[in-house]
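User: I'm new to reading aromatic rings in a protein model. Could you walk me through it?

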Amino acid sequence: MKILGLIIAVLTGTLLIYTTSDFPSWGDPSSPASTHLSPHYIEKTLEETSVPNIVTAVLADYRGYDTMFETTVIFGAGVACFFLLRVPRRKEPVERLYRHTLTGMTLRIKDLDEVPENLDEFERIDTLWAPYDLIIKTVCRLLIPFIQLFALYVIAHGHHSPGGGFQGGVILGASFILLAVSYDLRTAKERLREKLGGILCAVGVLIYAGTGALCLLLGLNFLDYSALASILHVDPITARSHGILIVEIGVGLAVMATMIWIYDNISSEGKYEEGL
Amino acid sequence: MSSQYPALLVATPLLAALFISIAGWVYKKLCFPIAVVALSVATYASIGLLLRVLNEGVVHYRLGGWEPPWGIAYYVDHLNGLVLVVVCVVALLNLIGAKKSIDQDFPDKIGPFYTLYILMVTGLLGIVITGDAFNLYVLLEIAALTGYGLLAMGDKRAALSTLNYLYMGTIGACFYLLGVGYLYIVTGSLNMADIARILPPLYESKAVLAAFIICMVGVWLKMAFFPLHAWLPNAYTHAPSASSGLIAPLVTKVMIYVMIRLIFTVFTPEYAFNTLALSNAFVWLAAIAIVMGALFALAERNLKKMFSYIIISEVGYMVGGIWLGNRAGMTGAVLHILNDALMTLCLFLVASNIVYKIQGHSFDDLKGIFRKMPVTMGALVVGALSIIGVPPTCGFFSKWYLISGAVQAGQYGFVAALLFSSLVNVVLFFRVLEIAFFEPFGDHDGHGHTESIDEAPLSMLVPLLIVALGLVIVGVYTGDIVNLVIQFAIPREIL
Amino acid sequence: MRYAPCVLILPMSDLITHIVANYNYWIYITLMMIGLYAIIAKNNLVKKIVGMNIFQTAIILFYISIGAKKGATIPIIEHAHGDHGAGSSAVHAIEYINPLPHVLMLTAIVVAVATLGVALALALKVYQQYNSLEEDEILDQIREK
């Protein structure tokens, strides 16, 4: 197998290296790739969509159909991970573990009918080895709001600077994953329930595809945002810019929820118990 | 409204998949009806689109209203109009037929299953309808990823076989992407028609040759063309029957469509058949694929695995038919996309019914099953006749075109391979039917409830019977299909 | 005119000029070969997944390098704040790099992440069943039955 792999890799490499001699050299401004499609994008984007960030405009408008399915790929991966791993209807464990937050002492309660009432100073844990680290938890708790704020900035400012729905969505998702890593999965799940997360994934993509379908209902082609002008009361070119913002928000939601979804399922083998 | 059929065809299943996903969390009983309605609408739209293509010629649709080389456009001609109908009909019939087995296999995960199922259909439809080379890659990955999810929930070995499929599938898709990158670097375009327009002066370029080879290898990996087939048999055999009933008939066929589209529209037949002198080699490779598929199938003692090897053999038919490079061979290959999708669906629906009742698919499980499930096995007989190629079933006609094309091109090796595989198919199915008919029933070790086994429920039988009937009807109307649709699907310059 | 580090200013054969002018292709091909080798030859299922990712990354690198343009800046038009048409002086394509490969690769990155997620989920499922990620051990277990 090793020799076979080596032969295939070397053969492919040789073929590819042999053909590079026909390629334009690096950074050549007169290469076909830089002279056929891209000048139109660079020179016309601002007047056709009123978005200064050309990548955003091409991503969400000129090739918005690609991006819709890109979001769908992520959604599909989330559904597939859930479908493959989630263990449904798990039996309640016969005993529960509680840890006293101040002393780090762990209580083991076997009779579930007699769970003590005043558990304010205790937190529920799933395994005895769950680490307890005050510094990490505090730092993360302080940082997470700023991370989320930055994520929202990245989503909202995608028209004028590098950023957009995917980047912002991933940062937003990472903030929840950080919560799950620094505390545990249970705490993170109390902030964003599994059901809500699952629905949010679909809603995010639905915002995108729904915007496209709305354009279709308004009489223009699928994903032609200039149809939104009549609803938003702006001119068709500004409507394109607003349409891009709407779909970016959808993308952000879908990416955030799916990242969390995939992390939850893979890190806990679908049991939703202990984080890493 | 009919001008929006292309958009409806893809958008309806996509939106439906999202609604199903939400319904899976809120009210599970809605999942199946939404799926059926969505696929029915898609089927309706696909038929409407095909009729429009027949009347008006090629249909273009601009997504987002942008001009094609800058935006993405759909491009529907006779070829993909036909394949779209095939995809919709097969997906719809299998969905209805598989409902019971889905309820049986995944009682807790109905929502995600239907979501993945409909998303996969969306991906396949998108691959077939698009006119943009990069967009095809994205949809390829949608169909592939959802396919991995659907396949991996089968029996104990399913996860491992699917993981192997994932490695191979990803390499295949990446090779395709790389090929598109090569085309992009020399032409600067991603739109298929635009690339074809720019390419002719570059025919001698090494980069275009590399792009062609890389794209072909990628697509062959995905369609399990021998010797790149190793992932397919295990992945399909261990899959749940509802998934294999969708994936086995469609994925390989859609990938063959992609190959045809690359040859016809992107690289143009002029380049593929005249500039490159590789046709002969590829036809021989196809002949070897047919023979090897048949031999592997002969060695199997498991129904689903045998069917999987038959698919590998059939892929050889179609690849060979295209590379014959003449009108008869290509007509046979395109016709065989339609026929083979129906035949494979028929076989896998039979397997699905048997698995539903007996929970097994090895030959030992089939003993005496003819008396217990006469209708299912009757359908298997029709499917078998079609695979063997007995008139008036449709399998005969595509094989006829393929053979006459091969004779025209002087490829007698290919003719011999076709005849050999027909003979092997006779042996294969005779052996199955002999076991099912003559062996005594009741040796089902470890399966317990042998007494209660009877015919599969009506909702599984009806789609199966429709497919079996379809095999004969398509066979009878082959002449019309070829005259009305397929002859326009093949570029005029090919004689 | 071609970019050449000072070491190579000495008499250069055509080959070296060629390699230097096209060094981006050489890097991507090397990476791709590493990835391809890992997918085919490695025994551990997760290592194969890592190889798959290297392979995808190599292709992303290839596309991004197509987009480069000497003397050009990132494709965000300066001094433009929404008021299209009015006040925005003419934009020249030569000043900005090609945005299209970046857009395509955003898509490819997302696809790679999604594939990675599903692949890890599958590997986890395999591990649950066979208690091993080494391919030969798993095949031994299958054969024993």
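User: Which ring does B:Lys206 lie over?

Analyst: Here the idea is to look for a charged side-chain end above the flat face of a ring. In this predicted model, B:Lys206 lies over the face of A:Tyr18, at 4.6 Å from the ring centre. Chain B has a case of its own: the charged end of B:Lys99 sits over the ring of B:Phe32, 5.2 Å from the centre of that ring.

User: Now rings with rings. How many aromatic pairs does the structure hold?

Analyst: Over all chains there are 45 aromatic pairs. One of them joins A:Tyr41 and A:Tyr62, edge-to-face, with 5.0 Å from centre to centre and 75° between the planes. This pair links distant parts of the chain, since A:Tyr41 belongs to helix α3 (residues 38–49) of chain A and A:Tyr62 to helix α4 (residues 54–62) of chain A, 21 residues apart.

User: Are A:Tyr41 and A:Tyr62 buried or exposed?

Analyst: Both A:Tyr41 and A:Tyr62 are buried. For contrast, try B:Phe370 and B:Phe437, another edge-to-face pair, at 4.9 Å centre to centre and 80° between the planes. B:Phe370 is in helix α15 (residues 369–372) of chain B and B:Phe437 in helix α18 (residues 412–438) of chain B, so the pair ties together parts 67 residues apart in sequence.

User: Why does B:Phe370 count as buried?

Analyst: Buried means under 20% relative accessible area, and B:Phe370 has 19% relative accessibility. B:Phe437, at 41%, is partly exposed.

User: Which residues do ring pairs link into a cluster?

Analyst: Follow the pairs from ring to ring: the cluster includes B:Tyr203, B:Phe212, B:Trp220 and B:Trp323.

Notes:
Residues numbered from 1 in each chain as written. Chains lettered and ligands numbered in written order. Predicted model: local features only at pLDDT ≥ 70, side-chain atom pairs only at ≥ 80, totals over all residues. Heavy atoms only, no water. Phe/Tyr/Trp six-rings, centres within 6.5 Å; stacked < 30°, edge-to-face > 60°. Helix = DSSP H or I, 4+ residues; strand = E, 2+ residues; numbered from the N terminus. Buried < 20%, exposed > 50% of the residue type's maximum accessible area, 1.4 Å probe, protein only. Lys NZ or Arg CZ within 6 Å of the ring centre and 35° of its normal.
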